[in-house]
Amino acid sequence: TPPPPIEGATNAARGGDDGGDGSRGGGGSKGGRSGKRSSAGRGRAKPGRAAVGRVLHKLRSLPDGASSSEVGLALGAARPSQLSARDYTTVLTTLRSERKWRTALQLSEVLAAQPREEGAPALPNRLHYNALLAACADAARRRDAAAGDAALGVLRKMEERGVEPDSRSFSAAVAAAEPAGAEGLLAEFESSALASDPEGAPFVYCAAMRASLRAGEWKAALSLLDRMRARGVDPDSHCLGAALEACRAGRDGERAEAELAAARTMHADAPHRLSGVLVSTAMGACVRGGRWESALAIFDAHAADLAAGSQDAGPDPFCYAAALAACRRGGQAARAVGLLARFEEKLGGEAGGEDAQPTGGGEGDPLRATVEGGQLRATLAHLREQTVGACLAAGWLDEAVERHRGARSPSDRSLVFALRACGQLGLLRGADASSTALQLHAAQPAADLAGQIEADEALLSALASCGAWPALLAAYDDLAAESKARRPCLNLAAQAARATDSDRAPELAALAAAA
């Protein structure tokens, strides 16, 4: 059923194809006279703004799956005669932000079906369609399976109605599509719009790369970067960011170093402006690829660039986290301890407490943003966890245990590292290390079940390394009572029963085999 005509819809078409403010006649004062507005009119809402509010109120009352007829009736009841093209852009973008993308699609069909005055621009215009495509892309990111086909339908209607898609149209459609569909849309963009809109091309290629990453196809994402370069399109920082994420997913540290060098070339005149996101992502790719030395070299170069550019805040917390992960991978305990101390110093003192405030750094400082955003506790816990892990990897076992014990709100992984350190100390000290492990485990309940299971297994492994078999059996019984024992725990319990000649050995061995 076609949507019903809307009273005054011909006036709604005024405002220009660019979605501009759309002069609606009458000027700012009565009778179209120039000059100041009368005092009686001051403080009143503009007619268009009031109409936008009425339209949104009516549309919000509808379910998101409402038909175009229902949307048309609701729109007509709102008396939208004073809405300009820009006002409809506001309505569509608001529906997008409220996740009512299906309602936005139906509204576009209602607008397309309305009669218009001779010479008035057609609605929806390109800005409207781009808002619809962006809403579909948002829905696709939320795993809405219907959004990809809907975006393709919007793109086809644009072409049918003589509205030429631009780079933003294609980038949103590609972002909403599945990888196979994204490839077809990218090829269509290259053949129809690349030559006329080269400046917007990176948006489209970046969307295609992101689609490949969502599908787990990191090699395809890197191939798209090579493809855009082969077509003479220089990647922007967003494309390079997607490429570095692909390198991290594929553990390709060498390629990550090359792409980071390309990003540095873009900022050759001001290297301190290089995004910390790009730096930390490249470092992560190096760490995962076993190139921990390269990750630390990248961190040092970035810190030097920031210092040369008078950026007192230094690298952001993500760069510190990647550097500490590199230290853990390489067993660089001394470097890890120094990095953590440097980060904590930025918080206003060596203690680096959760209530500290960052020193230096102004507007836009990433560390200050971390503090003000309420993420400081989690950030510190993660960095301290990596430091404990680096101490463990370097054989600084007592240091690992003490750093975990002295941390405020340590993470579950920090506990696991400390328990593993106790296990290695158990080979040297036996019972002393076992009691330490039991104390650490009892003092820190895990945040979730997965962390609890890993900590439980680390405890039992530490007790086994210490040869504390009776304590291991007792700990196993406590864990089994809470239904947290898994096969590794059962195997260790059976081993402890055999070591102590317990009559429970056959039972535990059978349970371990069955598990």
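Colleague: In which helix does valine 277 lie?

Modeller: In this predicted model, valine 277 is exposed, with a relative accessible area of 52%. Its C-alpha atom is separated by 7.9 Å from that of cysteine 319, a residue 42 places away along the chain. The element that holds valine 277 spans residues 276-288 and is helix H14.

Colleague: How many helices and how many strands are there in the protein?

Modeller: The protein has 515 residues, and buried residues make up 50% of them. Its accessible surface comes to about 24,200 Å², with 49% belonging to carbon and sulfur atoms. As for the secondary structure, the counts are zero strands and 26 helices.

Colleague: Among contacts between residues at least 6 apart in sequence, what percentage join residues at least 24 apart?

Modeller: One example of parts distant in sequence is the pair glutamate 183 and arginine 227, which form a salt bridge and are 44 residues apart. Among contacts in the protein between residues at least 6 apart, the share that joins residues at least 24 apart is 67%.

Colleague: What average pLDDT does the protein have?

Modeller: Two stretches deserve caution. Over residues 356-369 the pLDDT stays under 50, and the model has 28 contacts for them beyond four places in sequence. Where pLDDT is low, the predicted coordinates should not be read in detail. Across the protein, 84% of the residues score at least 70, and the average pLDDT is 84; the other stretch with pLDDT below 50 covers residues 7-45.

Colleague: How many disulfides does the structure hold?

Modeller: Cysteine 327 is in no disulfide, as the nearest cysteine sulfur, that of cysteine 391, is 9.9 Å away. Cysteine 327 is buried, with a relative accessible area of 0%, and cysteine 136 is likewise buried, at 0%. For the structure, the number of disulfides is zero.

Colleague: Which aspartate meets arginine 141 in a salt bridge?

Modeller: Arginine 141 lies in helix H6 (residues 126-141), and its partner is in that helix too, three residues apart, about one turn. Arginine 141 counts as partly exposed at 49% relative accessibility, whereas the partner counts as buried at 17%. The N to O distance is 2.8 Å, and the partner is aspartate 138.

Colleague: Is arginine 227 buried or exposed?

Modeller: Arginine 227 forms a salt bridge with glutamate 183, their closest N and O atoms being 3.0 Å apart. This pair links helix H9 (residues 179-192), where glutamate 183 lies, to helix H11 (residues 218-230), where arginine 227 lies. Glutamate 183 is partly exposed, with a relative accessible area of 38%. Because buried means under 20% relative accessible area, the 17% of arginine 227 makes this residue buried.

Colleague: Which helices do arginine 255 and aspartate 226 lie in?

Modeller: Arginine 255 and aspartate 226 form a salt bridge, with 3.0 Å between the closest N and O atoms. The two residues are 29 apart in sequence, so their pairing ties together helix H13 (residues 253-266), which holds arginine 255, and, for aspartate 226, helix H11.

Colleague: Which residues touch the most other members of the largest nonpolar core?

Modeller: In soluble globular proteins, nonpolar side chains tend to be buried together. Here the largest nonpolar core has 108 residues, and a second, separate core of 44 residues includes Phe417, Leu419, Ala433 and Ala455. Methionine 209, for its part, touches residues including Ala221, Leu224 and Cys239. The members of the largest core that touch the most others are Leu59, Val91, Trp101, Leu107, Leu133, Met209 and Met283.

Colleague: Which peptide bond is cis, with omega near 0 degrees?

Modeller: Most residues other than glycine have a negative phi, and most peptide bonds are trans. The cis bond leads to proline 124, which is found in the loop between helix H5 (101-113) and H6. The bond runs from leucine 123 to proline 124.

Colleague: What phi does arginine 251 have?

Modeller: Arginine 251 lies in the loop between helix H12 (237-249) and H13, and is exposed, with a relative accessible area of 52%. Serine 409, in the loop between helix H20 (397-406) and helix H21 (412-429), has a positive phi of about 55 degrees. Arginine 251 is not a glycine, yet its phi is positive, at about 55 degrees.

Terms used:
Residues are numbered from 1 along each chain as its sequence is written. This is a predicted model: local features need pLDDT of at least 70, side-chain atom pairs count only at pLDDT 80 or more; totals for chains, interfaces and linings use all residues. Side-chain values use heavy atoms; hydrogens and water are left out. Helices (H or I, at least four residues) and strands (E, at least two) are DSSP runs, numbered from the N terminus. Buried means under 20% relative accessible area, exposed over 50%, partly exposed in between (1.4 Å probe, protein chains only). Contact means heavy atoms within 4.5 Å. Accessible areas come from the Shrake-Rupley method with a 1.4 Å probe; for residues, only the protein chains shown count as cover. A disulfide is a pair of cysteine sulfur atoms within 2.5 Å. pLDDT is the predictor's confidence in each residue, from 0 to 100. A salt bridge is a side-chain nitrogen of Lys or Arg within 4 Å of a carboxyl oxygen of Asp or Glu. A nonpolar core is a set of buried Ala, Val, Leu, Ile, Met, Phe, Trp, Tyr and Cys residues joined through side-chain atoms within 4.5 Å.
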